[in-house]
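This report considers a ligand and a pocket in one protein structure. Please examine the structure shown below before reading on.

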Amino acid sequence: MELLSQISFNLQNGFDETVAALTKEAVEKQIPPDEILNNGLIAGMNAVGEKFKNHEVFLPDVLLAARAMNSAMEVLKPLLIKGGIPIKGKVVIGSVKDDLHDIGKNLVAILLKGAGFEVIDLGNDVPAEKFIRIASEENADVIGMSALLTTTMPVMKEVVDMAKTEGLYGRVRIMVGGAPVSKEYALEIGADAYSYDGANAVETVESFFSKDS
Ligand code: B1M
């Protein structure tokens, strides 16, 4: 089996040590980190999600797969965050209230750090008030919110509305992302941008700092 398929297969089966070892092997073989991520790890996670939806695997299996994903991210993190880049801006990021999914958010945070942004990661299950309070206290440039559940997406609107009442709207740019979120939804709630994956999140935040933005 090809190496990236092996990573995906072992992740789907929750074999965290094997996934970490195969990820190291892929790095040693000079496979680019974004390829390892997209075609190995995220492909495996998506397959687990499909199986979970079809009741072929259950919550503990998904948790084991998530643990395997995290062990591989520890291997990839140093490659994605390179030192010595001047700080370009400050981003406050988190998964919204009642949402415990944080793998995608963590990935976005790592890539933003790697691209030279200071990232304040509030973790998961973050209430609207906390996004606003920390963004304000830290004088952040961007608030980034992640939601993986259709039931937690409305918290994003709460944050946008609160940014308006607290006078942050327009001054602090708001980016939303996560599997059920869309560009249309971002527009509908008044967020500044939607982004569909980690690389796109970096491009989006960079675009906030460009002269024409
Ligand atoms: Co859950 N879960 N889960 N889960 N889980 C999904 C999301 C689901 C689609 C599975 C399914 O049914 N097929 C489904 C949601 C259905 C829906 O609402 N539409 C679901 C469900 C139902 C649930 C529970 C309700 C299950 C239950 O208890 N019965 C429960 C809810 C818990 C809660 O949050 N309150 C639950 C629990 C869990 C675990 C805890 C077991 C675990 C999470 C562990 C963790 O994150 N620490 C888990 C997992 C792992 C998944 C799947 C399988 C994988 C998610 C993932 O990590 N993907 C997921 C199925 C799927 O998405 N295919 C599923 C990999 C990650 C890199 O991708 O997070 O999409 P993703 O992030 C991407 C982009 O979306 C984007 O960039 C990232 C990189 O490309 N992005 C952003 C994300 N955030 C961004 C923010 C940005 C920009 C881009 O700017 C700020």
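## The second largest pocket

In this predicted model, the second largest pocket is lined by residues from two domains: domain 1 (2-83) and domain 2 (90-212) each contribute at least three residues to the lining. The space in this pocket amounts to about 170 Å³. Its lining consists of 13 residues, and those closest to the centre of the pocket are Met-73, Lys-77, Asn-106, Leu-107 and Ile-110.

Two elements, H4 and H5, give two or more residues each to this lining. Helix H4 covers residues 59-80 and helix H5 covers residues 103-114. The largest share of the lining, 6 residues, belongs to H5. Sorted by class, the lining of the second largest pocket comprises 7 nonpolar, 4 charged and 2 polar residues.

## The shell around the ligand

The ligand is surrounded by 33 residues, of which Gly-49, Leu-100, His-101, Asp-102 and Ser-146 come nearest. Both domains take part in this shell as well, since domain 1 (2-83) and domain 2 (90-212) each provide at least three residues. In terms of class, the shell contains 17 nonpolar, 11 polar and 5 charged residues.

Which helices and strands each supply at least two residues of the shell around the ligand? They are helix H3 (33-53), helix H4 (59-80), helix H5 (103-114), strand E3 (142-146) and strand E4 (173-177). Helix H3 gives the largest share of the shell, with 6 residues. Helices H4 and H5 thus appear in the description of the ligand shell and also in that of the second largest pocket.

## Contacts with the ligand

Which residue is the only protein donor of the cobalt atom of the ligand? That residue is His-101, whose NE2 atom lies at 2.2 Å from the cobalt atom. His-101 is located in the loop between strand E1 (90-95) and H5. In addition, a polar side-chain atom of His-101 is 2.8 Å from a nitrogen atom of the ligand.

Backbone atoms of the protein also take part in polar contacts with the ligand. A backbone N or O atom of Asp-98 is found 3.0 Å from a nitrogen atom of the ligand. A polar backbone atom of Ala-179, in turn, lies 3.4 Å from an oxygen atom of the ligand.

## Summary

His-101 is among the residues that come nearest to the ligand, and the same residue is the only protein donor of the cobalt atom. The second largest pocket draws its lining from both domain 1 and domain 2, and the shell around the ligand likewise draws on domain 1 and domain 2.

Methods
Residues numbered from 1 in each chain as written. Predicted model: local features only at pLDDT ≥ 70, side-chain atom pairs only at ≥ 80, totals over all residues. Heavy atoms only, no water. Near = heavy atom within 4 Å. Polar contact = N/O pair within 3.5 Å; in protein donor to acceptor, adjacent residues only side chain to side chain. Helix = DSSP H or I, 4+ residues; strand = E, 2+ residues; numbered from the N terminus. Nonpolar A, V, L, I, M, F, W, Y, C, P; charged D, E, K, R; others polar. Domains from an automatic or database assignment. 1 Å grid on protein atoms, 1.4 Å probe; cavity = no way out; pocket = protein on both sides within 12 Å on 5 of 7 lines; lining within 4 Å. Points joined across faces, edges and corners; volume = space filled by probe spheres on them. Donors = N, O, S within 2.8 Å, 3.2 Å for Na, K, Ca; no water.
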